[in-house]
Structures are given as structure tokens and as C-alpha cells.
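The following exercises are to be worked with the sequence and the structure at hand. Each task is followed by a solution in steps.

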Amino acid sequence: MRFSERYGHKKIRDIVQIESIDEPLRTALWNVLQIHIWDSVKMSSGMYVRYYISNDSNRETYNLCKRLWLSYFKKPLDTLDSEWDDARKFLRGYFFKCEWYEVYDFIEFCASNYDRHGFKERFTDSCNKVLEREMSAYRFINGLIVQITEQEQLDDIEKALEESRGPVRTHLRRSLELLSNRESPDYRNSIKESVCAVESLVGIVLGSKGTLGQLIKKLEDEINLHPALKSAFSSLYGYTSDEGGIRHALMESESIRFEDAKFFIVVCSAFINFVESKVSE
């Protein structure tokens, strides 16, 4: 994570790519298309090396291109060049110049219109890995690209980062740093830092030390915390600190993913904002 992101000089909505696509994400999605579709085009036999998508060996790619021309670009079919280099140049030019939402339109269309056995599952899985790594707010779900992060969630994180106190802010920043590290994200410890941020805040409000499990009971009386909220956060704390949980069993696990860490930083940020508002009253 860059300096501007760690110290709050870059907005959270710029770290999580919502209604935007940066160059690394656009390039990575093109590379997925390259690996799963474009690289399958075979050259024609003969004296000269040529790649004609109209050949029988390239039937799947030719059918995809015809569908793109007919239904996506809505261009005359006779403008589709059967020589692959020219067709690919057109597709590449479009992909790297189009709007962010058109990139998602394009890969969604390709996912549903390339006729190769097992392609769709492999393609969407590869896209989702890229989207997760590059902190996109969107994923393929059941063949369609769906927004999984709402602007309101980002606003909660941003407000908590801007307005929280010393150690609370430190833990939240660390949580975000671990979550958004594109090279080696650490979702397990991101969750730990989110919970530690809440734990620090409750300790500051009450002026006493202890675990969140111990302090949350006192907070109920201090700020008139609703019993349902106390119960919810006691349960979340229990999840992250039991024998098979996050804090006391930091072993490798496939079960903790981006969605889990995102959930915790959003919920903990919202809770921090709620407690701060109650205290200010």
C-alpha cells in the first residue's frame, strides 16, 4: 500500500475501484481474454503465416466475433475482417479506450458468447481472481457482473478513518492496508486489526483496559447501547477469538477471503462511527 493510502491522503473509494477501472485492472482483464480466448486462434496452413478466424479451426472465435459485431457493436457483418490480426487490433483498440462500465459489458458478453466446453466457468473464475486482487467492487456471480461493495460502505470506512482517535485509526489503517495489498493481501490479520480498532475505541470510551468481550458489557450502560448491538458484537468477537478463530489460531486457511475481511472492516467502521456519535451526544 502506498504512503498516500496508508495515511489517508487517498480516498477509500479510490483504493476500492467502484465506478472506475485503473490501468492495471484493465490490462489484467485483457490478459484474461488473451489467455482464455485470443491465444486459441490457430494459424492457417500454406506458404504465408496467416490467422484467419473464418477457418474451421477457429470456429469458436469467429462465432464470438460475429456475435460481437451483430449484437454488441451493432456493426455490419461485412466490416468484420476474417484476418485475425485486424479483428484483434479493433477489439484491443476498443477495450483500452472504452468507459469503465463498457469493459465490464465486454467481458460479460464474451463470457456468455464463446462456445467452448468449460470455458465460462474457467474464464469467470480467472476474472474474479483479478477483480479481487485489484480491489474492484464487482464480481462475476452466476455469469453476470454484480456490484459487491456499496458506496455507503466505503463512506463508513472513510469516516471512521478520518474521525477516529489515535490507536483506533492505527488499527483501521492497518486493516485496510492488509486488505488492499494487491501483491499479498492478508485477510486474516485484516480482520484482527478491524476488531482491535473496536476494542481500542471501547477501551478509550470507558477509560479502562480489557478485551472487547469484557468491555462491551460495560459499554451497554455507558452509552445506552442496545442489547441487540451488544449481543451482535459479542458474537462477532467470539467468532474471531475462539479456538478455531482468527486471533488465537493464525494458521493458514482457505476459508478466509476478501469478502470476510471486507465485511469486518465495514461493520467495525460503522460501529466505531455509531459509538463516537453516541459519545458526542
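**Exercise 1.** Determine how far the sulfur of Cys127 is from the closest cysteine sulfur, and state why no bond forms.

*Solution.* The closest cysteine sulfur to that of Cys127 belongs to Cys110 and is 9.2 Å away, which is too far for a bond. A disulfide is a pair of cysteine sulfur atoms within 2.5 Å. By this rule, the count of disulfides is zero. Cys196 is likewise in no disulfide, the nearest cysteine sulfur, that of Cys268, being 9.6 Å away.

The model is predicted: local features need pLDDT of at least 70, side-chain atom pairs count only at pLDDT 80 or more, and totals for chains, interfaces and linings use all residues. Residues are numbered from 1 along each chain as its sequence is written, and side-chain values use heavy atoms, leaving out hydrogens and water.

**Exercise 2.** Decide whether Cys127 is buried or exposed, and do likewise for Cys196.

*Solution.* Buried means under 20% relative accessible area, exposed over 50%, and partly exposed in between (1.4 Å probe, protein chains only). Cys127 has a relative accessible area of 0%, so Cys127 is buried. Cys196 has 11%, so Cys196 is buried.

**Exercise 3.** Locate Ser269 and name the residues that Ser269 touches.

*Solution.* Ser269 lies in helix 13 (residues 258–280); helices are DSSP runs of H or I with at least four residues, numbered from the N terminus. Ser269 is buried, at 0% relative accessible area. Leaving aside residues up to four places away in sequence, Ser269 touches Asp156, Ile157, Ala160 and Leu172, contact meaning heavy atoms within 4.5 Å.

Terms used. Helix = DSSP H or I, 4+ residues; strand = E, 2+ residues; numbered from the N terminus.
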